[in-house]
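Take a walk through this structure, one stop at a time. Keep the 3D view open as you read.

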Amino acid sequence: MNSLKMFVRIALVVAASFARAGDPPAAAGASEALARGKYLVTIAACNDCHTPWKMTAEGPKPDMDRMLSGHPEGMVLPPAPKMPEGPWQNAFAATNTAWAGPWGVSFTANLTPDRETGLGKWTVRNFTETIRTGRHLGRGREILPPMPIPQYRNFTDEDLAAIFTYLQSIPAVKNRVPEPRQPGALASTGQ
C-alpha cells in the first residue's frame, strides 16, 4: 500500500473513531469501516459475553437494550460456587457476564462509548494495545478468561481499527463494571 493510501485509510479510521450513534459518518470510507467493524463484532461473538442475557419466554436471550455494556453494575452475586476437584473448573452467571475459575472472578467489560464507564475516552491505539498485549490499555492488569485474547491477537490492525470504529458508533450505556476478583476472594458482594 503506498503512503498516500495508508494516510487516507488511517485518517478515515481516526475520523470514524470519533463518530457516535446518530452522527453521520465522517467520510465515505468511514461507512466501510463501520460495516466491517459490525461484521467482525458479530462473527467474533462479542455480544455473546459483553451483552447481558435476560430470561424471556423463549429462554435466555441477549438484552439488546444493554448491547455490549458488560456485566450489569447493580447485579449482586452470591459467592461463586466451589467446583469439585477434577476436570470441571469454571462457572458463569446466568447473564453470561461474570465468570469464575482458577483466575478468580472476571466480569465482561463495557464496550460502549460511554466516557465514564466504557471505551469513550479510549483511542484506537489503546484498544489495539489491549488486544495485542492482553493487558488493560496495553499496560495495566491482565485481561482474564474467558476473553479469547490468544485468538483475537490474530486480528489485523485494520480489523481492530474497524472494530473500534464500530464500538464507538453504538449507543453509549452508562454501566460501571466491577473490577475482577482474585482467587480466594471469589465471593461477590455485588456492585
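The model is a predicted one. Begin at His71, in the loop that runs between strand β2 (59–62) and strand β3 (91–92). Is His71 buried or exposed? Its relative accessibility is 1%. Buried means under 20%, so His71 counts as buried.

What surrounds His71? Set aside the neighbours within four places in sequence. His71 is then in contact with Leu77, Thr95, Thr97, Ala98, Phe107 and Thr108. Asn175, Val177 and Pro178 are also in contact with His71.

Now turn to a pair of helices. Two packed helices are described by the angle between their axes and by the distance between those axes. Here the helices are α4, residues 124–133, and α6, residues 157–169. They pack at an angle of about 125°. Their axes are 9 Å apart. Angles from 65 to 115 degrees count as roughly perpendicular, and those over 145 as roughly antiparallel. The angle of about 125° fits neither class, and α4 and α6 are therefore oblique to each other. Their crossing is right-handed.

Which residues make this contact? From α4 come Val124, Phe127, Thr128, Ile131 and Arg132. They meet Asp157, Leu160, Ala161, Ile163, Phe164 and Leu167 in α6. Eight of the residues in the contact of α4 with α6 are nonpolar. One is polar, and two are charged.

Two names from that contact, Phe127 and Phe164, lead to the aromatic rings. A pair of aromatic rings is described by the distance of the centres and the angle of the planes. How many aromatic pairs does a search of the whole structure find? It finds three. One of them joins Phe127 and Phe164. Their ring centres lie 5.6 Å apart, with 40° between the planes. This pair is tilted. Phe127 lies in helix α4 and Phe164 in helix α6, so the pair ties together parts that are 37 residues apart in sequence. Phe127 has a relative accessible area of 9% and is buried. Phe164 is buried as well, with a value of 1%.

Another aromatic pair is formed by Tyr152 and Phe155. It is tilted, at 5.4 Å centre to centre and 45° between the planes. Are these two residues buried or exposed? Tyr152, at 13% relative accessibility, counts as buried. Phe155 is buried too, with a relative accessible area of 15%.

Note on methods. Residues are numbered from 1 along each chain as its sequence is written. This is a predicted model: local features need pLDDT of at least 70, side-chain atom pairs count only at pLDDT 80 or more; totals for chains, interfaces and linings use all residues. Side-chain values use heavy atoms; hydrogens and water are left out. Axes are lines fitted to C-alpha atoms, for helices over the stretch in contact, and angles run from 0 to 180 degrees between N-to-C directions. Helices (H or I, at least four residues) and strands (E, at least two) are DSSP runs, numbered from the N terminus. Angles under 35 degrees count as roughly parallel, over 145 as roughly antiparallel, 65 to 115 as roughly perpendicular and the rest as oblique. A crossing is left-handed if the near helix is turned anticlockwise from the far one by less than a right angle, and right-handed if clockwise. Contact means heavy atoms within 4.5 Å. Ala, Val, Leu, Ile, Met, Phe, Trp, Tyr, Cys and Pro count as nonpolar, Asp, Glu, Lys and Arg as charged, and the others, Gly among them, as polar. Buried means under 20% relative accessible area, exposed over 50%, partly exposed in between (1.4 Å probe, protein chains only). Rings of Phe, Tyr and Trp (its six-membered ring) pair if their centres lie within 6.5 Å; planes under 30 degrees apart count as stacked, over 60 as edge-to-face and the rest as tilted.
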